[in-house]
Amino acid sequence: MFAKRQSALAATAGTAPRAKDGPSLKPVVDALKKPPVAAGLAGLLLLGASALFLTVLGDPKAGTPSAHVALERDAPAPQAPAPTGFEAFSMGAMGLYQNLAGGADPTAGGDAVITLPDGGSVSGQGAPITAPVHAASPLAKAPIAGLSQPGSNGPLPMIAPDGRVPAQAYARPFRPNGKPRVSLIVGGLGLNAVTTRAAIERLPPEVTLSFVPYADNLQGWIDQARAQGHEVMLEMPMEPTGYPDNDPGPYTLLADGGADDVTAKMDWLLSRATGYFGVTNYLGDRFAGSDTGMNAFLSVLRQRGVAFLDDGSFQRRPGAWARASADRVIDRTQSPAAIVAALNGLEAQAKLRGSALGAGFSYPVTVEAAARWTAGLEQRGLQLAPASSLSMRPGR
């Protein structure tokens with residue numbers, strides 16, 4: 001058995017293997033050998049390779065997991081309307097006031113540091129007040145006996161039987177030294193505690209401070225200001241152009257309100273606190289044109305011995321017990337550069353005419369610039385004077 005199998009293997013060992021039955025590739029190979037077909041196939045291979053390259057390498061995130069989320073853009077929130085005068089002027093709008101105080105256009109003056117004549121500097125809107133705190137130079141505590149009488153809403157100023165008047169008794173005493181006098185009123189106080197305290201403590205006591213009648217704890221603020229040495233005024237809200245859209249509040253003195261309406265509203269406004277020597281206007285360009293309203297307003301002040309110092313827009317209106325008008329508003333543009341330029345202009349005017357009165361609002365940048373500017377006035381040949389010293393009796 002074994003011998004027969006070995007003989008069979010030996011017999012077949014040198015023969016070639018027999019091909020398997022099935023389809024032949026010879027026709028395909030022969031076709032591929034033809035030049036036109038080979039060229040076409042090469043082109044297809046090149047296109048396929050290019051597509052694969054772009055698919056894999058053209059996307060840097062190819063092959064990484066991905067997710068798709070459908071997003072919907074929210075409709076833009078409606079822009080809040082600009083605050084009315086009363087909203088910016090009343091104690092119910094503390095947040096609005098804080099925005100106004102520090103929200104000046106940052107492009108108005110840039111971020112440049114402004115160097116003052118004495119070497120000090122001020123920069124930026126809404127920056128913290130860095131001027132030093134002044135030592136207290138206290139005035140007499142209000143009320144002073146004989147200078148007020150009961151009213152339906154609180155104590156009202158009056159001329160004492162011995163002839164003393166609030167315009168003099170509550171004013172800061174002043175003795176001129178022969179140098180040109182420059183005075184400054186900073187208003188809008190009593191609503192923002194931080195700015196109010198900064199103005200009281202960091203402005204020299206010769207700077208006059210003006211308070212909003214709608215402020216909470218108004219008497220407390222006036223007492224603090226007088227304890228530091230500042231004479232104070234109250235702001236009278238008056239009808240502006242655009243009223244009632246521009247509304248300084250429910251006790252606004254109206255151009256067509258009549259004498260009785262003006263007197264009734266002034267009874268409320270003047271009874272909000274004691275210790276002020278005078279009043280100033282808040283807005284009021286329309287009210288200034290009312291002969292009836294202005295005559296009633298000035299008559300009340302004259303009868304009660306109270307001064308009226310305006311922001312410069314009432315210069316043709318004499319009256320009250322004593323009068324003065326500011327020569328310029330120092331912060332119409334709320335930037336360090338503009339405020340310092342206005343203060344320097346006030347200084348030049350004082351040297352030219354002997355005296356000058358400026359008015360400003362209690363923006364942080366205003367308080368900072370004013371505090372540093374006033375610090376070097378004496379060295380520059382001027383005397384800082386309370387605003388009351390520039391007021392005059394009618395006919396004098």
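Here are some friendly notes on the strands, helices and side-chain contacts of this structure, which is a predicted model.

1. A good place to start is strand β8, residues 278–283. Five of its six residues are buried, so the strand is largely enclosed by the rest of the structure. If you are tracing the fold by eye, β8 makes a handy reference for the next two points.

2. On one side of the story is strand β7, residues 232–238. Strands β7 and β8 run parallel and are joined by six bridges. To find the register, look for Glu235, whose bridge partner in β8 is Thr280. Together with helix α9 (residues 258–270), β7 and β8 make a β-α-β unit, and the unit is right-handed.

3. Strand β8 also pairs with strand β9 (residues 307–310), again in the parallel sense, over two bridges. Here Val279 has Phe308 of β9 as its bridge partner. Helix α10, residues 291–304, completes a right-handed β-α-β unit with β8 and β9.

4. Now for helix α9 itself. Its 13 residues should span 18 Å at 1.5 Å a residue, and its end C-alpha atoms are indeed 18 Å apart, which agrees. The buried residues in α9 are Val262, Lys265, Met266, Trp268, Leu269 and Leu270. What do these buried residues pack against? They meet β4 (155–157), β7, β8 and α10. It may help to recall that an α-helix has 3.6 residues a turn, so residues three or four places apart point the same way.

5. On to the aromatic side chains: a search of the whole structure finds six aromatic pairs. In one of them, the ring centres of Tyr251 and Trp268 are 3.9 Å apart and the planes are at 5 degrees, so the pair is stacked. Tyr251 belongs to the loop between β7 and α9 while Trp268 belongs to helix α9, so the pair ties together parts that are 17 residues apart in sequence. Are the two partners buried or exposed? Tyr251 is partly exposed, at a relative accessible area of 26%, whereas Trp268 is buried, at 17%.

6. Another pair to look at is Phe297 with Phe308. Their ring centres are 5.0 Å apart with planes at 85 degrees, so this pair is edge-to-face. The pair links distant parts of the chain, with Phe297 in helix α10 and Phe308 in strand β9, 11 residues apart. Both Phe297 and Phe308 are buried. Phe297 and Phe308 also belong to one aromatic cluster with Phe287 and Phe314. Recall that Phe308 is the bridge partner of Val279 as well.

7. A ring can also meet a charge. The charged end of Arg393 sits over the ring of Trp321, at 3.9 Å from the ring centre.

8. Two prolines follow cis peptide bonds. One such bond joins Ala142 and Pro143, with omega at about 0 degrees, and Pro143 is in the loop between β2 (121–123) and β3 (148–150). The other joins Tyr243 and Pro244, with omega at about 10 degrees, and Pro244 is in the loop between β7 and α9.

9. Pro166 deserves its own paragraph. This residue is in helix α6, residues 166–169, and counts as buried at 0% relative accessibility. Apart from neighbours within four places in sequence, Pro166 is in contact with several residues, among them Leu147, Pro157, Tyr276, Phe277 and Arg304. Its C-alpha atom is separated by 8.8 Å from that of Ile144, which is 22 residues apart from Pro166 along the chain.

10. Gln349, in helix α11 (residues 336–353), is a polar name to check in the viewer. At 14% relative accessibility, Gln349 counts as buried, since the cut-off is under 20%. Leaving aside neighbours within four places in sequence, its contacts are Asp327, Arg328, Gly354, Ser355 and Ala356.

11. Lastly, a word on backbone angles. Asn217 is not a glycine, yet has a positive phi of about 55 degrees; its place is in the loop between β6 (208–211) and α8 (218–228). Ala320, again not a glycine, has a positive phi of about 60 degrees. Ala320 is in the loop between β9 and β10 (323–325) and counts as buried, with 1% relative accessibility.

Definitions and conventions. Residues numbered from 1 in each chain as written. Predicted model: local features only at pLDDT ≥ 70, side-chain atom pairs only at ≥ 80, totals over all residues. Heavy atoms only, no water. Buried < 20%, exposed > 50% of the residue type's maximum accessible area, 1.4 Å probe, protein only. Helix = DSSP H or I, 4+ residues; strand = E, 2+ residues; numbered from the N terminus. Pairing = 2+ DSSP bridges. Right-handed = clockwise from strand over helix to strand, strands pointing away. Phe/Tyr/Trp six-rings, centres within 6.5 Å; stacked < 30°, edge-to-face > 60°. Lys NZ or Arg CZ within 6 Å of the ring centre and 35° of its normal. Expected span 1.5 Å × (residues − 1). Contact = heavy atoms within 4.5 Å.
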